[in-house]
Amino acid sequence: MTPEENDLITRVGPGTQGGELLRRYWHPIMGSSELNRRKVIPVRLMGEDLVLFRDQSGKLGLVEPQCAHRRVDLSTGFVVEEGLKCPYHGWTYDTTGQCVAQPGEPADSQLKDRVRIKSYIAEELGGLVFAYMGPLPAPLLPRWDFLVDDGMLRQIGYVIAPFNWLQAIENSYDAVHAEILHGQFFKHALDRRGDPSDAKYEINVAPMLRKHQEIRYDRTDYGFIRRVVLEGDGKSADLFNVGHGKVFPNLTTVNGGGTCTSTFQVPVDDTHTLYLGHRGYRYPDWVTVPKQTEVPWFEIPIKDEKGNWIDDDIVGQDLMVMMAQGPILDRSKEVLGTTDVGVVQFRRFLKEQILKVRDGGEPINLYRDPAKNRRLELPHSKNFYDRGVFGETKAVSYRRGSATGALGMQNSPINELVEDLYEQAARDAPLIGGREAA
Ligand code: FES
Ligand SMILES: [Fe+2]
């Protein structure tokens, strides 16, 4: 890869070819619960500073930060019924950026009608606020199954991390790193800490140590499905047969019968990524799941209080290596091997899609027909990450910590509830295959 090609696939700002492709898609930028609490929040997306707000009538706005009057940053403003009000002289902007009030001007002044600031579209789904910054008409906000399904508990962890979005995405097209980073290195981290609990080892490390015997990324309408065969499994195992969905350009999923992990890698600017993990937990029908009024939104820590890497956590390990590649990985200096098949395939496809948009075409995975966008189904394996709750022949069992431990969720307020409900699912499970439930 030449330095020019590296630039092409990593730059995200306005006017860059990569940025133009990424602007064709909706990106999550904030938790709805956080916006409910703060009402006005500065955000940065694809190199552009913006202000996200919810006005008092409940409408979402996403506008450029500078007030048209004397350039005060509107993230210092406050919301009223009709929009976002500048704290300096009260010029007020509605969700389209139109100025609708200028309290200091004479009542018959037409000045406000001529004032409009730049705005983009924002919509909510599944506890997230999504933004669209591309050409109009906008495609529909895709209704992926994990965002729309009822009866799940949800939580969303996020961190703005100092590396380019493509590093984060490439990590998920790199299946084999799990053996080392989340297997051997994890074990080393536990040993080094003298961690006496073997639960982390049994739950997290041991399954990761299995060797990948085959890795494949198959193209689908929405992107790719990753299929792998692990040592001891055949091709009928869910990991190969069902696989994991990789939604172009920047959403990767590991969906099991019990837990859906969906990670968005949102480009904040060339050297920062909003790493955002949406987790949905499903329970069998004999468990009563309390209705969530809000989806928790919490920060994923990158380092601990002493400034050390959080190396006994799978998300912490991923963040560590992505940061350790530098702000923008220089791909012209890499030496790639056979296990990089997914990374190479993704880069090639990304470049193809960038050039398609440059030449006036439409990239893949855009939805414009509401009838086809009711619920977009992704692969869901039954026996991987299902925490034993949905086994078909085995007795139902659950080991506390499986669903929320070592997955970047130190700050989540609902970990205990998630775990309690899985334990309850196992405890109250009916007999399956004539065997006593655990
Ligand atoms: S600077 Fe915003 S109203 Fe004057
Ligand atoms: Fe990883």
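This briefing covers helix packing, unusual backbone geometry and one buried arginine. The model is predicted. Helix α10 packs against α5 with the axes 9 Å apart, and α6 packs against α7 with the axes 7 Å apart. Cis peptide bonds precede P137 and P249. Positive phi values occur at R71, N365 and G360.

**Helix α10 and its cover**

- Helix α10 runs over residues 341-358.
- Its 18 residues should span 26 Å at 1.5 Å a residue, and the end C-alpha atoms of α10 are indeed 26 Å apart, so the two values agree.
- The buried residues of α10 are G342, V343, F346, R347, F349, L350, Q353, I354 and V357.
- An α-helix has 3.6 residues a turn, so residues three or four places apart point the same way.
- The cover over the buried residues of α10 includes three helices, α1 (3-10), α2 (17-22) and α5, together with strands β12 (212-219) and β13 (223-230).
- G360 follows α10 and has a positive phi, near 90°.

**α5 against α10**

- Two packed helices are described by the angle between their axes and the distance between the axes.
- Helix α5 (residues 165-172) meets α10 at an angle of about 130°.
- Angles from 115 to 145 degrees fall in the oblique class, and α5 and α10 are therefore oblique to each other.
- The crossing of α5 and α10 is right-handed.
- From α5, the contact uses W165, L166, I169 and E170; from α10, it uses V343, F346, R347 and L350.
- By class, this contact of α5 with α10 holds six nonpolar and two charged residues, with no polar ones.
- V343, F346, R347 and L350 of α10 make the contact with α5, and these residues are also listed as buried.

**α6 against α7**

- Helix α6 spans residues 177-193 and helix α7 spans residues 199-208.
- Their packing angle is about 145°.
- α6 and α7 cross in a left-handed sense.
- On the α6 side, the contact residues are A178, E179, H182, G183, F186, K187 and L190.
- On the α7 side, they are K200, Y201, N204, V205 and M208.
- The contact of α6 with α7 divides into six nonpolar, three polar and three charged residues.

**Backbone exceptions**

- Most residues other than glycine have a negative phi, and most peptide bonds are trans.
- The peptide bond from L136 to P137 is cis, with omega near 0°.
- P137 sits in the loop between β10 (128-132) and α4 (145-148).
- F248 and P249 are also joined by a cis peptide bond, with omega about 5°.
- P249 sits in the loop between β14 (244-247) and β15 (251-255).
- R71 has a positive phi, near 65°, and belongs to the loop between β4 (60-63) and β5 (78-80).
- R71 counts as exposed because its relative accessibility is 52%, and the cut-off for exposed is over 50%.
- N365 has a positive phi, near 70°, and belongs to the loop between α10 and α11 (415-427).
- N365 has a relative accessible area of 10%, so N365 is buried; the cut-off for buried is under 20%.

**R54 in strand β3**

- R54 lies in β3, which covers residues 48-54.
- R54 is buried because its relative accessible area is 12%.
- Leaving aside residues up to four places away in sequence, R54 touches S32, L35, N36, K39, K59, L60, V79 and E124.
- R54 and F146 are 92 residues apart along the chain, and their C-alpha atoms are separated by 24 Å.

How values were computed. Residues are numbered from 1 along each chain as its sequence is written. Chains are lettered from A and ligands numbered from 1 in the order in which they are written. This is a predicted model: local features need pLDDT of at least 70, side-chain atom pairs count only at pLDDT 80 or more; totals for chains, interfaces and linings use all residues. Side-chain values use heavy atoms; hydrogens and water are left out. Axes are lines fitted to C-alpha atoms, for helices over the stretch in contact, and angles run from 0 to 180 degrees between N-to-C directions. Helices (H or I, at least four residues) and strands (E, at least two) are DSSP runs, numbered from the N terminus. Angles under 35 degrees count as roughly parallel, over 145 as roughly antiparallel, 65 to 115 as roughly perpendicular and the rest as oblique. A crossing is left-handed if the near helix is turned anticlockwise from the far one by less than a right angle, and right-handed if clockwise. Contact means heavy atoms within 4.5 Å. Ala, Val, Leu, Ile, Met, Phe, Trp, Tyr, Cys and Pro count as nonpolar, Asp, Glu, Lys and Arg as charged, and the others, Gly among them, as polar. The expected span of a helix is 1.5 Å times one less than its number of residues. Buried means under 20% relative accessible area, exposed over 50%, partly exposed in between (1.4 Å probe, protein chains only).
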